[in-house]
Amino acid sequence: RRKKMEENKEFLRIGKPPAFLEVVKYGTNPPSYEIEVVHGAEGKRIIREIFELTVAGFSQQKIADEFRVKEYVSFWDAGWNADRVRSILHSKWVIGYQPQTEKIYSKDKKTGKEKIENKFIGVEKVHSKELPIIEEELFYNAENATKARKRSGKQSKGKANIFSGLL
């Protein structure tokens, strides 16, 4: 997959898709590609369930735990954890948008070596029969539910912060 992406410079310019999506067909004139959800209909159902459980009040860790207990197929070799759930919740690919990045070449001030950074420059609507996977309303409801549950203040082990959430 990586080799195909490197061959298509236009594809690299706009970023690679997340683990739950797979590029199945490339076109070169004009540069284009077809995207499919990994694991097909089951993959779409799992992604939808992540957003629905988040809106219902489940934490990312609780969702990952549930998916491991139910033995849901994972988009990653290592299985489900909170970071993987979070990566899906934060991906606008699920609502049909892909991030656009631009390669920035510069020299590292400390080492003097050339470095390449990807600078985020916006999002672009993806034209694919597979996307969007969920509705924008569900995406933003899950985003708002996650923000509403975030704690403020430093997290300490074993002790509650009585000032948490006051600001």
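The questions and answers below go through the fold, core, pocket and confidence of a predicted model.

Residues are numbered from 1 along each chain as its sequence is written, and side-chain values use heavy atoms, with hydrogens and water left out. Local features need pLDDT of at least 70 and side-chain atom pairs count only at pLDDT 80 or more, while totals for chains, interfaces and linings use all residues.

Q: What is the mean pLDDT of the chain?
A: pLDDT is the predictor's confidence in each residue, from 0 to 100. In this chain, 69% of the residues reach 70 or more. Over residues 8-14 pLDDT stays under 50. The mean for the chain is 80.

Q: In what order do the elements of the chain run from the N terminus?
A: Helices (H or I, at least four residues) and strands (E, at least two) are DSSP runs, numbered from the N terminus. The chain has six helices and four strands. Their order is α-α-β-β-α-α-α-β-β-α.

Q: Which element gives the most residues to the largest nonpolar core?
A: A nonpolar core is a set of buried Ala, Val, Leu, Ile, Met, Phe, Trp, Tyr and Cys residues joined through side-chain atoms within 4.5 Å. This one has 30 residues, of which F51, W80, I88 and V94 touch the most other members. At least two residues each come from β2 (31-37), α3 (40-55), α4 (60-69), α5 (82-89) and α6 (136-149). The most, five residues, come from α3.

Q: Which residues does W80 contact, leaving aside its neighbours within four places in sequence?
A: Contact means heavy atoms within 4.5 Å. W80 is among the core residues that touch the most other members. Its contacts beyond those neighbours are I46, I50, A64, F67, R68, Y72, V73, S74, F75, V85 and I88.

Q: Is R45 buried, partly exposed or exposed?
A: R45 is found in helix α3. Buried means under 20% relative accessible area, exposed over 50%, and partly exposed in between (1.4 Å probe, protein chains only). Because its relative accessibility is 38%, R45 counts as partly exposed.

Q: How far apart are the C-alpha atoms of R45 and I133?
A: R45 lies in α3. Along the chain, R45 and I133 are 88 residues apart. Their C-alpha atoms are separated by 8.9 Å.
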